[in-house]
Amino acid sequence: MLTITIAILIPFLAAVLVPFVYKRVPSRNIGWFVLLVPLVLFIVLARFIPAVSGGETYIHTIKWIDSAGINFTTYLDGLSMIFGLLITGVGSLVILYSIYYLSEREALGRFYVYLLMFMGSMLGVIFSDNLMVLYVFWELTSISSFLLIAFWYHRKKSRYGAQKSMLITVSGGIAMLAGFIMLHTLTGSFSVREIIATIGQYTDDSLFLLAMLLVLLGAFTKSAQFPFHIWLPDAMEAPTPVSAYLHSATMVKAGIYLVARFTPVFGGEAVWFYTVSCVGIFTLFWGSFNAVRQTDLKALLAYSTISQLGLIMSLFGLGSAALNEGYSADSVIYTQATFAALFHLINHSTFKGALFMVVGIVDHELGTRDIRRLGGLMSFMPVTFTIALIGSFSMAGLPPFNGFLSKEMFFESVLNVRNLDIFAMGTWGTLFPVVAWIASVLTFVYSMIIVFKTFLGQHQPARLDKVPHEAPVGMLIAPSILAIFVVGIFFFPNLVGNYILRPAMAAVYPPFEGVEGLVPHITYWHGFNYMPLLMTIGVVIVGGALYLFLRYWRSVYEVAPLSWTLDSLYNGILVQAEKGSSRLTGFYMTGYLRDYLVYIFTFFIFAVGGSMFLTGTYLFDLSGDASITINEYIIVFVMMGAGIAIIFAKSRMTAMILNGVLGYSIALFFVVFRAPDLALTQIIVETVTTALFLLCFRFLPEWKKEKSALSTKIVNASIAISVGAIVTILALTVQGNKMFESISVYFEDSYELAGGKNIVNTILGDFRAFDTMLEVVVLFIAGIGVFTLIKLKAWKGGKDVENQ
Amino acid sequence: MKINDVILETVTRIVVFIILTFGVELFLSGHNNPGGGFIGGLVLSSAFVLLYLVYDIETVQQGIPFDYKKIAAFGVLLAVGTGVAATVFGAQFLTQTANHFNLPVFGDTELSTVILFEAGVALTVVGVVVTIILSISEDV
């Protein structure tokens with residue numbers, strides 16, 4: 001369907017338009033214009049729900065680089081549908097919220113450009129069927145989130161957080177790219193669907209395992225799984241709407257999406273099962289454990305997001321077990337984990353989005369997010385309190401909120417693991433429910449902290465800068481809608497199950513398509529002997545007790561010194577890397593052009609000369625060459641004379657003119673050999689270079705002969721002679737060796753194939769247009785580089801933004 | 001320091017137009033004869049550079065108020081854009097096409113989409129060369 005392709009491009013087009021609109025409307029209203037984009041996309045996507053839940057999928061291809069198998073193929077199925085709805089739906093609410101949250105004095109235009117860019121790239125990630133296109137969008141999300149986190153770039157912490165998130169997610173992305181390329185090497189295709197169809201033949205290949213781990217690395221870094229989770233808390237320096245959007249609903253879920261998408265590819269493998277589920281469950285525990293110690297509400301939410309992402313991730317890992325032996329009635333039960341994961345994914349986006357917005361409101365109205373300064377806000381902010389209550393109770397897994405349902409399904413899934421008789425799960429399987437239960441207790445504790453420490457207890461006006469009051473209505477709309485969803489999904493879970501989750505399950509489990517029991521009927525009550533219910537009751541009792549006696553056991557967190565954390569490891573690596581590279585750079589970047597030339601030529605001698613010597617290609621045969629005419633002799637001797645004369649030139653002008661002689665002689669050679677196009681180019685390039693030289697001529701320092709030591713002279717001379725010899729031998733060898741069929745025959749048809757008589761130009765414009773295009777881009781970047789290097793010095797009297 | 005060179009200025013006034021015409025001619029003839037976007041662009045920029053050498057930057061800037069950075073950016077956009085445009089018509093990225101048209105004055109003329117691509121190249125070359133030269137010369 002072309003619609004989906006256009007849906008990806010619309011945010012980018014809107015991002016281009018924003019600056020123009022921003023100039024013309026009052027800056028406050030720019031948000032309303034931007035709001036249209038996700039709203040329209042949401043409606044468009046929602047119209048596909050009936051068809052997609054009926055098992056329909058849509059695919060559309062726009063040819064890009066067909067010869068390399070890289071095409072812009074969009075694919076809409078149940079799985080991408082869920083994510084698409086979340087991105088556009090939560091996106092609309094976040095933009096609505098941001099209209100009231102951000103003040104008019106902020107650079108709103110910039111903000112919305114980044115946000116739209118991000119939205120478009122996110123849609124690109126989930127709708128792309130082609131791995132290369134997916135990768136491009138994947139890195140675009142990293143870049144746009146970098147820009148968003150660093151939105152308040154004058155703050156040092158924002159810059160630090162942005163850099164951290166980018167370094168970690170982009171390195172993961174590059175690992176993922178390597179994994180994708182390996183998959184291509186294995187299967188010969190970049191299309192996810194084709195890979196799924198053929199991967200069964202390649203599971204024994206050694207590349208398969210490596211590709212799996214590399215793809216997982218990308219997913220884990222993006223989804224902030226342990227030990228890559230450290231970027232998420234620092235990313236909280238972004239404006240709250242960004243945190244609500246990127247760090248709860250969308251970007252961090254890209255990794256989850258990737259794992260879900262690749263479950264049919266790698267699922268059923270022991271390594272995949274263990275890595276995904278173990279990393280997930282440990283992240284769940286570690287995130288919840290660290291969330292309890294936080295005093296900043298947003299940092300608390302960040303760790304809670306990490307932990308919830310771990311929960312979803314572990315469920316996908318457990319769910320992949322179902323694919324181990326293909327379809328069988330016994331293995332359907334393990335697919336429940338995946339169902340729970342998808343269900344919790346939606347639930348998490350609703351309640352966590354609402355909670356982020358609540359924290360944003362508190363921050364906005366009171367100027368602080370420190371829970372030690374907050375308290376007793378319930379009577380001042382009743383609506384905000386209600387939303388916070390709904391959100392946290394859902395996160396804690398209490399009825400009547402949607403979190404309860406998915407939390408129960410989570411418990412059931414980890415209990416099922418004990419019965420798994422593959423991968424030797426017998427003994428280790430018991431650990432899963434235990435860790436899951438402990439993590440849920442901690443989840444309960446921090447959920448209570450969020451709502452009760454902020455809104456109940458003693459009000460402390462002395463510690464606040466502002467008088468607390470309820471937020472403006474506009475800011476409450478978006479979180480209220482999310483809260484309504486939290487409750488609504490609890491009462492009508494099977495609506496979600498049948499219409500949204502059923503097609504997604506079919507997408508994750510192609511072999512199980514249409515099997516009974518793949519989509520369970522979600523019920524609230526299973527009786528008193530139902531183990532997950534008992535676990536939930538235990539969570540409430542133990543969690544409640546832990547919350548009440550928090551101050552007695554909080555000292556647990558002081559046992560391990562702060563310097564042991566992963567954060568300090570990251571900082572250490574960063575500092576060491578900077579030091580090391582600056583030392584290394586200082587060692588060879590001497591600032592003398594001649595040193596650089598020595599490096600380049602020495603490398604050339606060893607690389608080219610060495611390989612020529614080793615492969616024995618230095619032999620050549622002159623007998624087949626054409627005879628040399630008198631004209632050519634003359635030009636060669638002129639050039640040789642000019643070349644030698646440069647060495648002895650007394651003034652800079654003479655040297656320059658002699659250099660010009662060389663250049664123009666080469667042009668003459670082109671004329672003699674009937675290559676007018678090249679001759680023309682050579683002459684003009686020579687002319688422009690000479691003009692450039694004349695431009696700076698006046699300002700160059702005095703030309704002095706340098707007196708260098710004899711040893712330096714010998715080294716230089718030997719390098720020069722070796723390079724000259726190698727180039728000569730190389731040129732002669734090229735003539736004599738024909739290893740491949742000449743490709744020039746192909747270009748002889750230039751008039752028929754490209755409609756141009758000038759063969760050089762048809763090569764540049766038609767046959768090798770990709771080269772030319774990229775050359776132009778490189779030229780442009782070089783030009784901008786020169787411009788910025790020279791022009792963009794700090795403005796006089798301007799603010800020194802770097803060191804605030 | 002103001003150098004006043006009457007002969008150079010007078011010659012430049014005429015020569016610049018000849019160079020510019022030559023540049024356009026080279027650019028247009030590129031498809032079947034020597035020339036093309038890169039060379040055409042270089043010739044055009046050499047005309048501008050000549051102007052800047054003979055007159056000072058402010059004077060030229062008054063007569064030709066271009067922002068060369070934008071020209072370069074537009075050129076890149078055009079070159080990439082023609083590639084993308086091909087995909088809209090269902091062809092591969094950067095596919096070019098040509099056809100013969102019977103135009104009122106010129107008669108049977110061959111028009112090719114390559115000319116747009118080449119125009120992008122030429123504009124980039126002009127923009128970048130003049131930007132670099134202006135930046136360097138303003139710096140000293």
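How many nonpolar, polar and charged residues does the lining of the second largest cavity hold? In the predicted model considered here, that lining divides into four nonpolar, three polar and two charged residues. The residues concerned are R28(A), G31(A), S98(A), I99(A), L102(A), S103(A), E104(A), L108(A) and Y112(A). Helices α4 (78-101) and α5 (108-127) of chain A each supply at least two residues of this lining. The volume of the second largest cavity is about 40 Å³.

Rolling a probe the size of a water molecule over the atoms shows where empty space is left. In this structure, four cavities of 30 Å³ or more are present. The largest cavity encloses about 60 Å³ of space. Its lining consists of L318(A), A321(A), I333(A), Y334(A), A337(A), S413(A), N416(A), V417(A) and L420(A). Helix α17(A) makes the greatest contribution to the lining of the largest cavity, with three residues. Classified by type, the lining of the largest cavity comprises seven nonpolar and two polar residues, with no charged residue.

Helix α17(A) also takes part in a helix pair. Two packed helices are described by the angle between their axes and the distance between the axes. For helix α15 (residues 335-366) of chain A and helix α17 (residues 402-417) of chain A, the packing angle is about 150 degrees, and the axes lie 9 Å apart. Because angles over 145 degrees count as roughly antiparallel, α15(A) is roughly antiparallel to α17(A). The crossing of α15(A) past α17(A) is left-handed. On the side of α15(A), the contact involves Q336(A), A337(A), F339(A), A340(A), F343(A), H344(A), N347(A), T350(A) and F351(A). These meet N402(A), G403(A), L405(A), S406(A), M409(A), F410(A) and S413(A) of α17(A). The residues of the contact of α15(A) with α17(A) comprise eight nonpolar and eight polar, and no charged residue is included. Two participants in this contact, A337(A) and S413(A), also appear in the lining of the largest cavity.

A second helix pair in chain A is formed by helix α14 (residues 297-319) and helix α19 (residues 431-455), whose axes come within 11 Å and cross at roughly 155 degrees. Helices α14(A) and α19(A) are therefore roughly antiparallel to each other. Their crossing is left-handed. From α14(A), the contact draws on L297(A), L300(A), L301(A), S304(A), S307(A), Q308(A) and L318(A), while α19(A) provides F432(A), T443(A), Y446(A), I449(A), I450(A) and T454(A). By class, the contact of α14(A) with α19(A) has eight nonpolar and five polar residues, and no charged ones. Of these contact residues, L318(A) of α14(A) is also found in the lining of the largest cavity.

Pockets were examined as well as cavities. About 2,000 Å³ of space is contained in the largest pocket. Its lining is made up of 40 residues, and L597(A), I646(A), I647(A), N716(A) and A720(A) are those nearest the pocket centre. In chain A, helices α25 (593-615), α26 (630-648), α27 (652-672) and α29 (710-736) each contribute at least two residues to the lining of the largest pocket. The largest share, 14 residues, belongs to α29(A). The lining of the largest pocket contains 24 nonpolar, eight polar and eight charged residues.

The second largest pocket has a volume of about 1,400 Å³. Its lining includes residues of chain A and chain B: among its 35 residues, L9(A), W64(A), V80(B), V84(B) and F93(B) lie nearest the centre. Elements of chain A that each supply at least two lining residues are α1 (2-24), β1 (58-65), β2 (70-76), α6 (131-149) and α33 (769-791), and α4 (68-88) of chain B does likewise. It is α4(B) that provides the largest share of the lining of the second largest pocket, with eight residues. By class, the residues of this lining divide into 28 nonpolar, six polar and one charged.

Chain B, to which α4(B) belongs, contains five helices and two strands. Read from the N terminus, its elements follow the order α-α-α-α-β-β-α. Along the principal axes, the C-alpha atoms of chain B fill a box of roughly 60 × 35 × 25 Å.

Definitions and conventions. Residues are numbered from 1 along each chain as its sequence is written. Chains are lettered from A and ligands numbered from 1 in the order in which they are written. This is a predicted model: local features need pLDDT of at least 70, side-chain atom pairs count only at pLDDT 80 or more; totals for chains, interfaces and linings use all residues. Side-chain values use heavy atoms; hydrogens and water are left out. Axes are lines fitted to C-alpha atoms, for helices over the stretch in contact, and angles run from 0 to 180 degrees between N-to-C directions. Helices (H or I, at least four residues) and strands (E, at least two) are DSSP runs, numbered from the N terminus. Angles under 35 degrees count as roughly parallel, over 145 as roughly antiparallel, 65 to 115 as roughly perpendicular and the rest as oblique. A crossing is left-handed if the near helix is turned anticlockwise from the far one by less than a right angle, and right-handed if clockwise. Contact means heavy atoms within 4.5 Å. Ala, Val, Leu, Ile, Met, Phe, Trp, Tyr, Cys and Pro count as nonpolar, Asp, Glu, Lys and Arg as charged, and the others, Gly among them, as polar. On a 1 Å grid over the protein atoms alone, a cavity is a set of points where a 1.4 Å probe fits but cannot get out, and a pocket is an open set with protein on both sides within 12 Å along at least five of seven lines; lining residues have an atom within 4 Å of a point. Grid points are joined across faces, edges and corners, and a volume is the space filled by probe spheres set on the points.
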